[in-house]
Amino acid sequence: MEQQTSGNSNLEYRKKRVKRIKKFLIISLVVLLLVPNVLCAVLMVQVLKINKTLEETQESLWELTVQMEDANAAAVVEQVLSPVQVLDEDIKAVIPDAQMYEGKKLVYLTFDDGPSEYTNEILDILKEYDVKATFFVLAKDGYEEEYQRIIDEGHTLALHSYTHQYSQIYDSPEAFRQDIRQLSDYLYEITGYRCEFYRFPGGSSNSIIQFDKDECFDILEEEGLVYFDWNVTSKDASSYRLSSQAITGNVLNGTSQSQASVVLMHDASDKYTTVQALPEIIESLQAEEDTVFLPITNGTTPVCHVVRSDDGEE
Ligand code: ZN
């Protein structure tokens, strides 16, 4: 009897155990099945969230792109506008002097062959009378301050010659170009200013040039230079020294006959009478109310004794 009881309880115990194992297996199975699903769901939610953020980011990126494009467009507009404004100034600069000072008598005082020991005195006189002029200079060491002063005080610094040796300059087109370039570079190194105007040593009508003069005009054009001769001369380059009165007389006589006078004078060590004549020349012309003194600029009509032969003039 006792044996049977113990056999029964043993069986019961086994059944219970099997049940527990079953339960454990079922729960495990359920858990195993559920966990991935839950994880999946969580992941899905995360993915959705990320997706949304991505969309938002894309949107703001798009907005930013649009804004940048707008900004670029604005910059382009500005870029287009600013050269127009610069152009405007250029247009102002190239208004011919004759138009800008309509009805006035224009006098362009020009000094060749400087600088010299008189340059500062000439500049002092011009400053005193508030007159702007043009200096067609040579390359001379030791006059760095004079070159700079010419520019700083509103005068036009212009090219004449590096060597002023006619036989050398006019020997060949190459020599002619070299003389111009050497002087232009020399002045640029000292002042940082690139000259735009040129005067032929001896004038454009000189007969020293050993080659076709048209080549000179081509070279000047290629070098971006405009040349100026003169239509009034002080004759201070005469072989004998002119008195200051004679120089004054020559200049006033010349300017009285022209509405626009480009006056040839010299800034050289043997030309002190020119310096002495200067105050009277200026005073006499300033006494005429309709006279203005101007430096040569892009607005000045060139005075040329000789032009390119195919231009039909001589
Ligand atoms: Zn000269």
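Colleague: Does Val 30 count as buried, partly exposed or exposed, and why?

Modeller: Keep in mind that we're looking at a predicted model. Partly exposed is the label for anything between the 20% and 50% cut-offs. Val 30 has 42% relative accessibility, so it counts as partly exposed. You'll find Val 30 in helix 1, which covers residues 2–93.

Colleague: What kind of surface patch does Val 30 belong to, and which residues form it?

Modeller: A nonpolar one: Val 30 joins Ile 26, Leu 34, Val 38 and Val 42. Together these residues have about 430 Å² of accessible area.

Colleague: Next, helix packing. At what angle do helix 4 and helix 6 pack?

Modeller: The general idea goes like this: two packed helices are described by the angle between their axes and the distance between the axes. Here, helix 4 (residues 144–152) and helix 6 (residues 173–191) pack at about 80°, and their axes are 9 Å apart. Angles from 65 to 115 degrees count as roughly perpendicular, and helix 4 and helix 6 are therefore roughly perpendicular to each other.

Colleague: Which residues meet between helix 4 and helix 6?

Modeller: On the helix 4 side, look at Glu 144, Tyr 147, Gln 148 and Ile 151. They meet Tyr 186, Leu 187, Ile 190 and Thr 191 of helix 6.

Colleague: On to the backbone. Which residues does a cis peptide bond join?

Modeller: Check omega for that one. Gly 114 and Pro 115 are joined by a cis peptide bond, with omega at about -5°. Pro 115 sits in the loop between strand 1 (105–114) and helix 3 (119–128).

Colleague: And phi? What is its value at His 164?

Modeller: About 60°, a positive phi although His 164 is not a glycine. His 164 is in the loop that runs between strand 3 (156–161) and helix 5 (166–169). With 23% relative accessibility, His 164 counts as partly exposed. Lys 235 also belongs on your list: its phi is positive and near 60°, again in a residue other than glycine. That lysine, Lys 235, lies in the loop between strand 6 (232–233) and helix 8 (244–255). At 45% relative accessibility, Lys 235 counts as partly exposed.

Colleague: Zooming out, how many helices and strands does the protein have?

Modeller: The secondary structure comes to 9 helices and 8 strands. Of the 314 residues, 37% count as buried. For accessible surface, the protein exposes about 19300 Å², with carbon and sulfur atoms supplying 54% of it.

Colleague: What share of the contacts with a separation of 6 or more comes from residues 24 or more positions apart?

Modeller: Such residues account for 73% of those contacts.

How values were computed. Residues are numbered from 1 along each chain as its sequence is written. This is a predicted model: local features need pLDDT of at least 70, side-chain atom pairs count only at pLDDT 80 or more; totals for chains, interfaces and linings use all residues. Side-chain values use heavy atoms; hydrogens and water are left out. Patches are made of residues with over 30% relative accessible area and no salt bridge: like charges are joined within 9 Å, nonpolar side chains (Val, Leu, Ile, Met, Phe, Trp, Tyr) within 5 Å. Accessible areas come from the Shrake-Rupley method with a 1.4 Å probe; for residues, only the protein chains shown count as cover. A salt bridge is a side-chain nitrogen of Lys or Arg within 4 Å of a carboxyl oxygen of Asp or Glu. Helices (H or I, at least four residues) and strands (E, at least two) are DSSP runs, numbered from the N terminus. Buried means under 20% relative accessible area, exposed over 50%, partly exposed in between (1.4 Å probe, protein chains only). Axes are lines fitted to C-alpha atoms, for helices over the stretch in contact, and angles run from 0 to 180 degrees between N-to-C directions. Angles under 35 degrees count as roughly parallel, over 145 as roughly antiparallel, 65 to 115 as roughly perpendicular and the rest as oblique. Contact means heavy atoms within 4.5 Å.
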